[in-house]
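I opened this structure without having seen it before. I kept short notes on what I looked up.

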Amino acid sequence: MEPVIRWASGNNRPILMIPGPTELPWPVIQAMNQPPMIQYDQNFDLNILEPTTLALRQVFQTADGEVLIMPGSGRTALETSAISLVEPGDRVVVIVAGQFGVLMREIMSRVGAQVTEFPVEWGQPLDLARLDREVERVKPKILTLVHNETSTGSTYPGEAVGAIARRHAALFLLDSVSSLAGLDVRTDAWGADCNMTGSQKCLAAPLGMALVSVSPRAWQAMERRAHKAGTWVYDLLHWREFWIPVSRGGKIPDGAPRRQPISIPTHLTLAMQAAVRLILEEGLPNRFQRHAVAGRAFRAGLDALRLELFPDPSIVSNTVSCFKVPNGVEAGAVVKQMRDRYGILIGTGLDRFRSSTLRVGHMGITASPLYVLPTLSALELALRDLGYKSEAGAAVAAAQSIFATADGA
Ligand SMILES: Cc1ncc(COP(=O)(O)O)c(C=O)c1O
């Protein structure tokens, strides 16, 4: 019998096609290749941290909001916003359309909110009229939305939900962890009072930073609290006092040294600086278009493999694809085969869809033929190894034809 060829042998790590952390652009990796510097040194503040957070405002599409970065991950951004705004007993409506809606609900409960869940069937569209009625009924202080539900590969209408929040005088908290810098997330235009994300997804920076933009309305709500938030590090109001110059509504005289409520990791900030520079050089419209085409191409490949998407076609995400595994095939076995034999790591579904769905991220630099085509090729081969046959090369050809006609090049 012929030996089984391991195409990935010799590769010391798989290519990351999971929905984050994602592959890093080379300049981002290189930016970290530096000796340590002092995080409270003014040189770091003035020349690296401040320009990076100011440039991030363009990525967040906010002129009014303040972007803060802190060590942590997406969850840190969610929790810092929740704990800074919520006082025990405050009413919060949480839209739960997947695993990350569940996470938001748990965080809100932990900080003492009186949570009203607005359930949405996983992978199904959101009924805006029903949401409007529910917000009218509950009259919450806060309405939360996961813009891109990474667990189901679904994108929800940030603008329309933001408008509902505004209509009912609620603050709007937006989880853009798997969408910011990949999908067109408009912080100011949608009225997102806290727009919360992590570094390791569409921003294509290393895991380790939480990012949150805070609107003037959110600051006012924090100022109106009866009691201070029960945290030193994660109280955003405290960040404002320590961190934001007087000219932008803070307490630090312009040009004076600022204090960090938590020590900011210098290497991760350097990486973020490089990542943001690349994003702005590419231009946001180009970047969104690139993700849209890559998403479409990946879906065309799935279709050629006769694989069914998990979400309703009207809400498919351009940064994460979630699709059903064929009958008789175990999702975990596909992940293992793709990683071990073909050197590409994709993800299983989450929670009760763990064994029946797979998830692939096409975000940051992986939203490109360079990554999408080999992933489809490996998926086809891995499924063939596991007994699911499809026409050789059909998935790659289908995706290729989308890339080939995507622009006028
Ligand atoms: C939509 C969404 N929200 C929150 C999180 C949690 O972020 P992190 O893993 O960076 O803490 C994730 C992570 O995948 C996510 O996709």
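The entries below cover numbering, backbone oddities, the ligand shell and one strand.

**Ground rules.** I number residues from 1 along each chain as its sequence is written. The model is predicted, so I note that local features need pLDDT of at least 70 and side-chain atom pairs count only at pLDDT 80 or more, while totals for chains, interfaces and linings use all residues. Helices (H or I, at least four residues) and strands (E, at least two) are DSSP runs, numbered from the N terminus.

**Entry 1, peptide bond.** I looked at the bond from Gly20 to Pro21 and found that it is cis, with omega near 0°. Pro21 sits in the loop between strand 1 (15-16) and helix 1 (26-31).

**Entry 2, positive phi.** I looked up Gln61, which is not a glycine but has a positive phi of about 55°. Gln61 belongs to the loop between helix 2 (42-60) and strand 2 (66-71). Ala181, also not a glycine, has a positive phi of about 80°. I place Ala181 in the loop between strand 8 (171-175) and helix 7 (187-190).

Is each of these buried or exposed? I count a residue as buried if 20 or more other C-beta atoms lie within 10 Å of its own, exposed if 12 or fewer, and partly exposed in between, with C-beta atoms placed from the backbone. Gln61 has 19 C-beta neighbours inside 10 Å, so it counts as partly exposed. Ala181 has 28 such neighbours, so it counts as buried.

**Entry 3, ligand shell.** I listed the residues around the ligand, taking those whose C-beta atom, placed from the backbone, lies within 6 Å of it. Among them are Gly20, Ser73, Arg75, Phe100, Asp175 and Gly198. Helix 3 (74-85) and helix 4 (99-110) are the elements that give two or more residues to this shell. The shell divides into four nonpolar, six polar and two charged residues. Here Ala, Val, Leu, Ile, Met, Phe, Trp, Tyr, Cys and Pro count as nonpolar, Asp, Glu, Lys and Arg as charged, and the others, Gly among them, as polar.

**Entry 4, strand 8.** Why do I call strand 8 largely enclosed by the rest of the structure? Five of its five residues are buried, so the description follows. Leu171, Leu173 and Asp175 point one way, and Phe172 and Leu174 the other way.

I then checked its partners; two strands pair if DSSP finds at least two bridges between them. Strand 5 (residues 142-146) runs parallel to strand 8, joined by five bridges. Strand 9 (residues 194-198) is also parallel to strand 8, with three bridges. Leu174 stands opposite Leu145 in strand 5, and its bridge partner in strand 9 is Asn195.
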